[in-house]
Amino acid sequence: MKPVDPAVQSLAIAKNVLLDPWGLDEGDLARALGEIFTHKVDYADLYFQYTRSEGWSLEEGIVKTGNFSIEQGVGVRAVSGEKTAFAYSDTLSAEALLSSARAVRTIGRQGAGRQKIIAAQPEPRSLYPAIDPVNSLPSPEKVALLGRLEAMARAADPHVIQVMAGLGAEYDVIMVAGSDGRLVADVRPLVRLSLTVIAERDGRREMGHAGGGGRTGLAYFTDDILREYVRKAVHEAMVNLEARPAPAGEMTVVLGSGWPGILLHEAVGHGLEGDFNRKESSVFSGRIGQRVASKGVTVVDDGTLADRRGSLNVDDEGNTTQRTVLIEDGILKGYMQDMTNARLMKASVTGNGRRESYAHLPMPRMTNTYMLAGRTPPEEIIASVKKGLYAVNFGGGQVDITSGKFVFSASEAYMIENGKVTYPVKGATLIGNGPDALTRVPLIGNDLQLDSGVGTCGKEGQSVPVGVGMPTIRIDGITVGGTA
């Protein structure tokens, strides 16, 4: 049997979902784009989207809420120089397309423009199955899954007094028609499971969190996966029951592998997005080719990892995602680019044009951003620290893109004394400057790990799923805000 081209399959699904039910065809798309080019614009595109999502939540042993939603529509964009006009409609019809096209074409000068037609299409890619995860498990089995998770968590430790869990699934179908001749589509499944436990001992209560997911179906959440989430959440809660107040001051900090990469994402990643650098509002602006981190520090953004939460076959402008090296051995190599910023900066598109939905404009955004592994075993990194903090997991954080300053709170952390992990601490906050912190990394672990699939990134009011990761690293001279 001849294998089905994934790009052809996705396009067929997209046409079936986004065009056929409304009597639309490729001729209607061409007419809408042609209407825009009755004025002189540089580029235009149509972004169609259909999203079906479902969520369930459990608390106090009961599945208390369930929600289901369907959203669909089209966003129409025209670009002229540095100006962008945008309109969107939740009605899919030839009339809505033409009306939106007439609205955005006013950005261009009077007089007919010329569409640039290219033959090249994005490279066919199949990083995840073109399935509908919402329908990948019957509703009674989704409820039963949450029930099993709760039972496992309560059985894990007698001090667990409360369990909260959430299960979500999303079926997202997008199609991009561009004035450069591209017509591409993507079918994007996404699932996520979250778990929070509360443990109590001697009148003290603490919380622990875990979860994960990716671009797959709900069958991903096997009992083995559930047990691992329970182990992590209960461990964090029990550790925090033992935690002492964190000391304050400047000290050496060891960041654990995996989710602590969120600090890299926030403190460094956003500053490497093209729009901030085109506007020269990032601390990394104009520094390509310069040393911005310690030797051995290599940071990549990779949207091509199979089944990962932040991965995409094509971005939201129809470009193939890439593995983009941002920092190599401490030297700044480039930025993440969408089409508009790449054109204005005379740089290459990197497949990082992303948007929350059809009702939003695309902008350069991260996919899966992580630091590559070094050569040092993590136990040797810890052994190298006379006194410091070992931050294993993080909660919330903030960063200022212009200055690079960040503040992050550790949800699981320990003291290191004379090269050994001693006691857990609570209330530790890391305060520093992202670019400066990267120049203080003398040791990089050989244990690169990506997060479990829970990341969501916000920028200018838009949220998109992302991935993060890093090996264990040592950072010298970080300010720790504590409670002791």
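Which exposed residues does the face of helix 4 turned away from its buried side carry? That face carries P140 and A155 (exposed is over 50% relative accessible area, buried under 20%, partly exposed in between, with a 1.4 Å probe and protein chains only). The model is predicted: local features need pLDDT of at least 70, side-chain atom pairs count only at pLDDT 80 or more, and totals for chains, interfaces and linings use all residues. Residues are numbered from 1 along each chain as its sequence is written, and side-chain values use heavy atoms, with hydrogens and water left out.

**Helix 4**
- Helices (H or I, at least four residues) and strands (E, at least two) are DSSP runs, numbered from the N terminus.
- The 18 residues of helix 4 (residues 139-156) should span 26 Å at 1.5 Å a residue (counting one less than the number of residues), which agrees with the 26 Å between its end C-alpha atoms.
- Buried in helix 4 are K142, L145, L146, L149, E150, M152 and A153.
- These residues lie on the same side of helix 4, because they cover an arc of only 160° around the axis (taken from the directions from the axis to the C-beta atoms).
- They pack against strand 2, strand 3, strand 6, strand 7 and helix 5 (contact means heavy atoms within 4.5 Å).

**The open sheet**
- An open sheet of mixed pairing is formed by 6 strands in the order 13-12-11-16-25-22 (strands pair if DSSP finds at least two bridges between them).
- Strand 13 (331-332) and strand 22 (449-450) are the edge strands, each pairing on one side only.
- Strand 12 (residues 323-328) pairs with strand 13 in the antiparallel sense over 2 bridges; I331 in strand 13 is the bridge partner of E328.
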